[in-house]
Amino acid sequence: MTDLVLTRDPGADPAADAADRWALDADWWRQAAVYQVYPRSFADSDGDGLGDLPGLTARIGHLAGLGIDAIWLSPFYPSALADGGYDVADYRDVHPQLGTLDDFDDLVAAAHAARIRVIVDIVPNHTSDLHPWFQAALAAGPGSPERARYIFRDGTGPDGSQPPSDWVSHFGGPAWTRVPDGQWYCHLFAPEQPDLDWSNREVRDDFLTTLRFWADRGVDGFRVDVAHALAKDLSEPLRSKTDVSGLNVPLDGSDPLFDRDELVEIYGEWRRLFNSYDPPRAAVAEFCARPERRYRVALPTSLGQAFNFDLLEADFDAEAFRRVITFCLDEVAATGSSSTWVLSNHDVLRHATRYALPAGTDLDAWLMTDGTTPAPDRARGLRRALAATTLMLALPGSAYLYQGEELGLPEVADLPVDRLEDPIWLRTGHTKKGRDGCRVPLPWTAEGASLGFGAGPGWLPQPAEFAAAAATAQDGVEGSPLEVYRAALRLRRELLTEERLSWVETGRADVLHLARPNGWHALTHFGDVDAEPYPLPAGVVRLATRPLVDGGLPGETTVWLTEGPQA
Ligand code: GLC
């Protein structure tokens, strides 16, 4: 008699096998729907006005019901909030008002149980001025190893009272601040965000420790803040650079501040660390420089993926969308990466409002009029936003959604100026309002102190119109933004296939028609709402952001359909 060999029957427990496959899928990020959470504004569990991790954990059900694949958490680390948390005082802990490390572990467990991955934001270009390293640098004085972790220099001019170079801060004013002993330190953002010197081995090692810390806690990926600026040419004399747009950098990697070739080595080291995990940890770079060079940080040997903001910057226009989509897909096809798509995030005017304004509106100037001039056409903005989002969700690659866009939230352009917290407002001498208007606490219910955000008022006031946009007010309401998002994200799971699309010519300058290899189609009519409807091809309509008109696709509308006879 032979011994009985017990092997596990792979079909014995399909649920367990599916869970294993989910957990081990190394490619999950390639076509994920990633939902950005700005924790301070998501949900407040203890009534102190700031959103927190337990508040988010309690709402995982909303996100699971929405149908997203991952959350990306903007910084939740200890911080004096000089730049909404992008001034990190301790990279391996949780801001006490946002929770504890145990709360973080609970969040990851709840997210994973709902099959939602967790991406955290890493801010490597600069620390907070309250970080122990910067405090030590101030105490230790010129020439010390403590100062060598940052970029300290003597000033220019006979008495050193002029900054070491002409570099300017993204938030306005010089990128240098003087300390009491006379030296200056560099900060590409606020003075509370001193830049690190990435040619210093100790800095590199410390970030590897931080990445390992979070990866060991079960984090699935990292969003890398200001990924284009870590490496700098600090050789003397410092070279001139006053353009912070990032778009005019040379293509040979020789700009003094952005997109330098040394980044490849820095992120190559990170990638080796990520690949030591199973599945490898994912990463996406915030990369603001020439699109032609984005691929270098998006290579599989580097971070793997880079944001592109091209769609976000495009007008609501068929030709502009087609150009961006074609360019981005060609770019990733050549590199092994997958594309990213973004229409809103915590740094820009919400797209339901952008599309409500005439193309070419100066958005900073518009904010300074409290959002009155020109008057936004809100209904049009929302129609276009849903059409653009559902087009984006039909594309190969990963789609990044920003909290509240599923409710169709507008930008809050008339916040009382004494409540504004964005350093841009302060640093520009109150000539630019900045980004608070897209960071207003979310409305969960139509009533309550802060519409269900928390037990008391939120850190920024919500406008009256948020009540009608509350999640509970939209739940089950056909055609509401929330139900359109839910339907699209559910159907997206069927729509996803190989990372390719083909364009179907429409003969119309205002209609785009794309087809995925598995027979799913998306058509978007970019014309005005009363433009001539576009006759739909044969197929089964699976999703429409607005009702069809005589069986045709009206303006400012997207449909998804599958090939086959009408049911
Ligand atoms: C990134 C963040 C932004 C922040 C800046 C400085 O651009 O998205 O919110 O202000 O970096 O960290």
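The following paragraphs lead through the structure from its overall form to individual strands, loops and residues.

The model is a predicted one. The protein chain contains 17 helices and 18 strands. Its C-alpha atoms occupy a box of roughly 85 × 80 × 50 Å along the principal axes. A compact globule of 567 residues would have a radius of gyration near 24 Å, and the value for the protein chain, 24 Å, therefore agrees with that expectation. Of the 567 residues, 58% are buried. Contacts across the sequence are also frequent: when residues at least 6 apart in sequence touch, 66% of those contacts join residues at least 24 apart.

The surface can be described in similar terms. The accessible surface of the protein chain is about 21800 Å², and carbon and sulfur atoms account for 54% of it. The protein chain carries 51 positive and 85 negative charges, whose mean positions lie 3 Å apart.

Towards the end of the chain is an open sheet. Five strands form this sheet in the order E12-E13-E14-E18-E16, with antiparallel pairing. Strand E12 (502-503) and strand E16 (540-544) are the edge strands, each pairing on one side only. In general, strands of a sheet pair through backbone hydrogen bonds, in either a parallel or an antiparallel sense.

The sheet may be followed from one edge to the other. E12 pairs with E13 in the antiparallel sense over 2 bridges, and Ser502 has Ala515 of E13 as its bridge partner. E13 then pairs with strand E14 (residues 520-525), again in the antiparallel sense, over 5 bridges. Within this pairing, His513 stands opposite Leu523 in E14. E13 and E14 form a hairpin with 4 residues between them, and Gly519 in the turn has a positive phi of about 90 degrees. At the other edge, E16 and strand E18 (residues 557-562) are joined in the antiparallel sense by 4 bridges, with Ala544 opposite Val559 in E18.

Strand E13 merits closer attention. Residues 511-515 make up this strand, and 5 of its 5 residues are buried. Both of its faces are covered: Val511, His513 and Ala515 are buried on one side, as are Leu512 and Leu514 on the other.

Strand E11 (residues 398-402) is likewise mostly covered, with 5 of its 5 residues buried. On one side the buried residues are Ser398, Tyr400 and Tyr402, and on the other they are Ala399 and Leu401. The pairing of E11 is parallel with strand E1 (residues 33-37), over 4 bridges, and parallel with strand E10 (residues 340-342), over 3 bridges. Ala399 of E11 has Ala33 opposite it, and Trp341 also stands opposite Ala399.

Several loop residues show how separate parts of the chain meet. Gln193 is found in the loop between strand E6 (184-186) and helix H6 (201-216). Because its relative accessibility is 0%, Gln193 counts as buried. Beyond its neighbours within four places in sequence, Gln193 contacts Asp83, Tyr86, Asp87, His126, Thr127, Phe171 and His187.

Gly67 provides a second example. This glycine sits in the loop between helix H3 (60-66) and strand E2 (70-73), and its relative accessibility of 8% is why it counts as buried. Outside its neighbours within four places in sequence, Gly67 is in contact with Leu489 and Arg493. The C-alpha atoms of Gly67 and Ala487 are 8.6 Å apart, although 420 residues separate the two along the chain.

The backbone geometry in the loops also deserves mention. The peptide bond from Glu236 to Pro237 is cis, with omega near -5 degrees, and Pro237 lies in the loop between strand E7 (221-224) and helix H7 (262-274). Val226 lies in the loop between E7 and H7. Val226 has a positive phi of about 50 degrees despite not being a glycine, and it is buried because its relative accessibility is 3%. Another cis peptide bond joins Asp278 and Pro279, with omega about -5 degrees; Pro279 is in the loop between H7 and strand E8 (282-285).

Leu451, too, has a positive phi of about 50 degrees without being a glycine. Its place is in the loop between helix H14 (423-427) and helix H15 (466-469). With a relative accessible area of 11%, Leu451 is buried, since the limit for that class is under 20%.

Notes. Residues numbered from 1 in each chain as written. Predicted model: local features only at pLDDT ≥ 70, side-chain atom pairs only at ≥ 80, totals over all residues. Heavy atoms only, no water. Rg over C-alpha atoms; globule rule 2.2 N^0.38 Å. Buried < 20%, exposed > 50% of the residue type's maximum accessible area, 1.4 Å probe, protein only. Contact = heavy atoms within 4.5 Å. Areas by Shrake-Rupley, 256 points an atom, 1.4 Å probe, with all protein chains shown as cover. Lys, Arg positive; Asp, Glu negative; His and termini not counted. Charge placed at Lys NZ, Arg CZ, Asp CG, Glu CD. Pairing = 2+ DSSP bridges.
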